[in-house]
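Colleague: Got a minute to go through this model with me? I'd like to start with one residue and work outwards.

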Amino acid sequence: MRRDDILAILVAIGMTGLLVWGLVYFINHWWARLPTAVALIVCILLAVMVIGYPIYALARWSDRYLARVRAAQARGERVE
């Protein structure tokens, strides 16, 4: 694993933490103030982002890693 791989994973973890914090903050402070339909839609969107962002970020990391491995194999180098 290279340094930029670790950075991508740390960014994904950080974004997930911020999204979870945003979801908790929304439910604790804004849920009662908004109309039910709006609150439900916003909560669902935040939940999808909390679940989907790490999956998307790790999928992008996996694609970059696979491209690096294939390029190394094409050059005849040993794969990390």
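**Talking through the model**

Modeller: Let's start with Thr16, which is buried because its relative accessible area is 19%; buried means under 20%, exposed over 50% and partly exposed in between, with a 1.4 Å probe and protein chains only. This is a predicted model, where local features need pLDDT of at least 70, side-chain atom pairs count only at pLDDT 80 or more, and totals for chains, interfaces and linings use all residues. Residues are numbered from 1 along each chain as its sequence is written, and side-chain values use heavy atoms, with hydrogens and water left out.

Colleague: Fine. Which element is Thr16 found in, and what does Thr16 touch?

Modeller: Thr16 is in helix 1. Leaving out residues up to four places away in sequence, Thr16 touches Val50 and Pro54; contact means heavy atoms within 4.5 Å. The C-alpha atoms of Thr16 and Val48 are 11 Å apart, with their positions 32 residues apart along the chain.

Colleague: How many helices and strands are there in the chain?

Modeller: The protein chain has 2 helices and 0 strands. Those are DSSP runs numbered from the N terminus: H or I of at least four residues for helices, E of at least two for strands.

Colleague: And at what angle do helix 1 and helix 2 pack?

Modeller: About 175°, with the axes 10 Å apart; helix 1 covers residues 3–30 and helix 2 covers residues 36–75. The axes are lines fitted to C-alpha atoms over the stretch in contact, and angles run from 0 to 180 degrees between N-to-C directions. Helix 1 and helix 2 are therefore roughly antiparallel. For the wording, under 35 degrees is roughly parallel, over 145 roughly antiparallel, 65 to 115 roughly perpendicular and the rest oblique.

Colleague: What sort of residues make up that contact of helix 1 with helix 2?

Modeller: There are 23 nonpolar, 2 polar and 4 charged residues. Ala, Val, Leu, Ile, Met, Phe, Trp, Tyr, Cys and Pro count as nonpolar, Asp, Glu, Lys and Arg as charged, and the others, Gly among them, as polar.

Colleague: Which residues are in the largest nonpolar core?

Modeller: Leu19, Leu23, Phe26, Ala39, Cys43, Leu46 and Val50, 7 residues. A nonpolar core here is a set of buried Ala, Val, Leu, Ile, Met, Phe, Trp, Tyr and Cys residues joined through side-chain atoms within 4.5 Å. Helix 2 gives the largest share of this core, 4 residues. As for Leu23, setting aside neighbours within four places in sequence, its contacts are Cys43, Leu46, Ala47 and Val50.

Colleague: Switching topic: is Arg33 buried or exposed?

Modeller: Arg33 counts as exposed because its relative accessibility is 58%. Arg33 sits in the loop between helix 1 and helix 2.

Colleague: And Val24?

Modeller: Val24 lies in helix 1 and counts as partly exposed, at 44% relative accessibility.

Colleague: Last one, what does the C-alpha trace of the chain span?

Modeller: About 60 × 20 × 10 Å along its principal axes. Buried residues make up 20% of the 80 residues in the protein chain.
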